[in-house]
Amino acid sequence: MGPRPQVFIMDPELIKEVFSKIYVYQKPGVNPLGALMVRGLVSYEKDKWAKHRKIINPAFHLEKLKHMFPAFYLSCSEMLSKWEDVPVEGSHEIDVWPHLQQLSCDVISRTAFGSSYEEGRKMFELQKEQAQHVLAAVHSVYIPGWRFWPTKRNRRMKEIKKDVRSSIRGIIDKRLKAMKDGDADNEDLLGILLESNFKEIEQQRNKDFGMSIEDVIED
């Protein structure tokens, strides 16, 4: 990129090594615009990455993933049913890309937020719009300090970030109340993450060993 050399790694074993040696291979800094979308574990380094990875890890145990198969199945069935409704006379071409995007959105919303699935879908739509704004900004002529100007796009980007965080905070607050009342369903990703975080703090008897609510929102 200009004067900076880059190395592209294709070999799976080398990729695995880079991802596992977090104290050796470091991530590039997050672009201020990218920070409107990409935060959490994917942007953390060293000890903070290790702490978050440890707390998140239980969500990806095979036994936990098995409970999510029905969500995968339902989302795939809904997508295929739309394809089956296509007129059958003669040949017909389907652009599958938008359907696959929606499939990813549905699967993650169902597995991450469980009964709050519809709220999750709304957040994905907002994030999709945010991605379009970020890409447009990245590809436009760079003007120092531009992202602080109160342009229509900048105002909308800040509004989306605020709305998404507010929605996730609302879901987390409901889940924490349910956990306190003993009514929590911890089979989805958010429930598993909150439960794992609570156990880590309890075991270490120090809240610094766990995630803050802000950290949970980002992840």
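Reading from the N terminus, the elements of the protein chain follow the order α-α-α-α-α-α-α-α-α. That gives nine helices and zero strands. Keep in mind as you look around that this is a predicted model. Below is a short tour, going from the whole chain to a few residues worth finding on your screen.

**The chain as a whole**

- The C-alpha atoms fill a box of roughly 65 × 50 × 45 Å, taken along the principal axes.
- The chain has 219 residues, and 28% of them count as buried.
- Take the contacts between residues at least 6 apart in sequence: 58% of these join residues at least 24 apart.

**Surface and charge**

- The accessible surface of the protein chain comes to about 15,400 Å². Carbon and sulfur atoms account for 59% of that surface.
- Counting charged side chains gives 34 positive and 33 negative ones. The centres of these two sets lie 8 Å apart.

**A nonpolar patch to look for**

- Five residues, V7, I9, L14, I15 and F19, form a nonpolar patch on the surface. Together they offer about 500 Å² of accessible area.
- To find V7, look in the segment before α1, a helix that covers residues 12-20.
- Is V7 buried or exposed? V7 has a relative accessible area of 75%, so this residue counts as exposed.

**Two residues in helix α2**

- Helix α2 spans residues 46-56, and H52 lies in this helix. K46 is found in helix α2 too.
- Why does H52 count as buried? The relative accessible area of H52 is 0%, and buried means under 20%, so H52 meets the cut-off.
- Which residues does H52 touch, not counting those up to four places away in sequence? The partners are L41, Y44, M211, D215 and D219.
- K46 has a positive phi of about 45°, although K46 is not a glycine.
- K46 counts as partly exposed because its relative accessibility is 37%, a value that falls between the 20% limit for buried and the 50% limit for exposed.

**Three residues to compare**

- Try selecting V7, H52 and K46 one after another in the structure. V7 is exposed, H52 is buried, and K46 is partly exposed.

Key:
Residues numbered from 1 in each chain as written. Predicted model: local features only at pLDDT ≥ 70, side-chain atom pairs only at ≥ 80, totals over all residues. Heavy atoms only, no water. Helix = DSSP H or I, 4+ residues; strand = E, 2+ residues; numbered from the N terminus. Buried < 20%, exposed > 50% of the residue type's maximum accessible area, 1.4 Å probe, protein only. Contact = heavy atoms within 4.5 Å. Areas by Shrake-Rupley, 256 points an atom, 1.4 Å probe, with all protein chains shown as cover. Lys, Arg positive; Asp, Glu negative; His and termini not counted. Charge placed at Lys NZ, Arg CZ, Asp CG, Glu CD. Patch = residues over 30% accessible without salt bridge, like charges linked within 9 Å, V, L, I, M, F, W, Y side chains within 5 Å. Salt bridge = Lys/Arg side-chain N within 4 Å of Asp/Glu carboxyl O.
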